[in-house]
Amino acid sequence: MTTSDSPQLYLPAQNEYVPTGGPPTRRDLPLDEEIERYVAQEFPLREENGCAVYSVPRHPIRRTEHQASQAESHVFNCLRELEIPRLWLVFFQGRSYGGKSFRKERNGKLIMREHDYVFFTSYNGSKQVTLVEVKSTCDMLYSGMMTSDAKMIKNSKRSAQHQLRDHVELLQASTELSSDFSISLNCYIFWPFLSSMTRDPQNNTILRWKEDGKLHVFSETLGAPEKFQQWFHDEILQNGKPMNENHWDLLLRRFIVLSCGVYVDEIHDGMLALLSQEQVDLLNRRPTNKPLIIHGAAGTGKTMLIIRKLQQLHEEGELHKNARALYVCYWPGIRCDVVRKLEALGISEFVDTQRFFISTDGFLKGNNNGYKHVFMDECEAICLSFDENIITQTFQELFKCYHMGNFNAGVEEPGVLWFLVDINQASLFLPKYSPNILKTPDVILTKVVRSTCTIYRVFQQFYQEPIPRMPAAVKLEAYQNLQGISVAHNISGPPIYWVDSNSQESCLKVLVSVILDLCSTKGIRPNDLCVLPFLVNSNYKPDVINHEIENHFVERGFMPQALANVESFLLTSKPNNFLVPWVLRVKGLEFKVVVMVIDDEDFDYADAEDRRKVYIMMSRCTCLLVLLSSEAIKNNIDKYNIIKHYPFSMKLP
């Protein structure tokens, strides 16, 4: 594989990614000029004396810790409300990245840090770059906030100072600028909930940390918009350290690259907000006392529709403690994910979740409840069971629960009874005991909403060449409709990238290089990343991957760490964890970034089961998909010449 020494970008604009060459007529543009064009397009200057303020991301990042989230959101809003004539400002929030550190005993190893805020300003011909750490420490009585004692405040200050020092060092190392580069960086610590005044041991009121000069900005300034605007004008625009224009441009380009992670987030969130017309019609369909059979391929939003329907039922007063719902699926990961989403919506107390089984009876054993609404997801998995009694008992129990929840109570309108089938995978499971009820759909979902257009274009081949072809004797209406599946939006997203697994001495080293490049230089959060090996062999076990990652980082530093257990990842994972599961364990789940790893000896495109696994792997990804394989496998999968070479240098220390 060939890689360039300098990054080549696909820059996001209006739901699509524009290659660094821009339009076909301008593909000879160098990267620097292309980014200059991109900045002018996405962050234009205002006319005459106007003020232009832009944020990346467009909305404040929500932190898991409430008080920290409040503090950063407060700063975000202060910046967005600035109205200073002739000001051009782009600020970046929450960009994480990695780089070499030589401080203390780090010896050039990698460390990872996250900027709270970085401001790029242009004003009256002068340009500045400002680094800001935001601390949520509180010394006053704010509603719902925890106050801090003197020791906690001191520790927060020390932590912020260390973080700023690390940021300056990493920016200097990663951009290879001269040692005097740091002199032109403005650095501040913002304290939205901390007063500038404190008391000394004699109980006298004194100015806090006056020995630090103007490093700290306190609540008196941040709490009043007019005071913050005056401070911003005086301290950053008028008296702030100006930066050499070439250095300023270099740093801005770096943060645009780091914001790949932001754009992945926004594309993902934008697709989650989409509903196709067929989905809207299904949500508004009134229930009858008969089951509704819904067929849809991967990415058509089957599980999302169940959650939306449950939310709608609750809002309409049809889901409550006396009219409960039952959600049933096969794989534990998707059940875990559904529980999380129901909790986030505040309706989990009204919905019971269960798994059905394919090799043992006892489904719903001990559960004698009636349910107004019943949803069975992943119905095709029941066909994995070749025991007619297990299949029959499963459906009998579901119908019993539904009838108990509806007719025993004498309700006027029946509840919802949905059975959802993956249209493409169902074609693989048609033994003689396969339930006839699943074979004739009432509704066929034909619009893919979960993945970008680019990803869809690659895995659509599995609709055109089903897994495997249906026996002639089988008449399944949905099979004919596989040809009619299309994408429901115009979000093209980034390209699918390919990395040659033979480009380094081992595939493991190549994989780790990709992980570190995504997390260290592209702003991808480890939690958004799922690595899917075609077969989990000894090279791809989490402890082996983690050991290889640790070789590159400072000891006990923050670094990406692999987990194998899907449920643990969904419920209890830390921000630096990424998932390396068995492929079938993530059926029904979705991830913003997926790295597929396929070894030569494991994959045969002619084999229906192998194609099915690749279909599952690809269709788990919503935004950014990376294929790690040999060129031969890449060519087998890339029937339409869509997949691009990974264009970034992956040199590691």
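Here is a short chat between a student and a tutor about the structure above.

Student: What kind of model is this, and how are residues numbered?

Tutor: Happy to start there: this is a predicted model, where local features need pLDDT of at least 70, side-chain atom pairs count only at pLDDT 80 or more, and totals for chains, interfaces and linings use all residues. Side-chain values use heavy atoms, leaving out hydrogens and water, and residues are numbered from 1 along each chain as its sequence is written.

Student: How many disulfides does the whole structure have?

Tutor: A disulfide here is a pair of cysteine sulfur atoms within 2.5 Å. Take Cys530: the closest cysteine sulfur, in Cys621, is 9.3 Å from its own, too far for a bond. A search of the whole structure gives a disulfide count of 0.

Student: Is Cys530 buried or exposed?

Tutor: Buried means under 20% relative accessible area, exposed over 50%, and partly exposed in between (1.4 Å probe, protein chains only). Cys530 has 0% relative accessibility, so the label is buried.

Student: Which residues have the most contacts inside the largest nonpolar core?

Tutor: A nonpolar core is a set of buried Ala, Val, Leu, Ile, Met, Phe, Trp, Tyr and Cys residues joined through side-chain atoms within 4.5 Å. The largest one has 93 residues, and those with the most contacts inside it are Trp418 and Ile598.

Student: Where do the buried residues of helix α16 lie, seen down its axis?

Tutor: Helices (H or I, at least four residues) and strands (E, at least two) are DSSP runs, numbered from the N terminus. In α16 (residues 542-550), the buried residues are Pro542, Ile545, Asn546, Glu548 and Ile549. Judged by directions from the helix axis to the C-beta atoms, they fall within an arc of 160 degrees, so they line one face of the helix.

Student: Which residues are exposed on the other side of α16?

Tutor: The buried residues of α16 pack against α15 (507-521), β23 (561-563) and β24 (577-579), with contact meaning heavy atoms within 4.5 Å. On the other side, the exposed residues are Asp543 and His547.

Student: Phe43 and Tyr54 form an aromatic pair; of what kind?

Tutor: Rings of Phe, Tyr and Trp (its six-membered ring) pair if their centres lie within 6.5 Å; planes under 30 degrees apart count as stacked, over 60 as edge-to-face and the rest as tilted. For Phe43 and Tyr54, the centres are 5.5 Å apart and the planes differ by 55 degrees, making the pair tilted.
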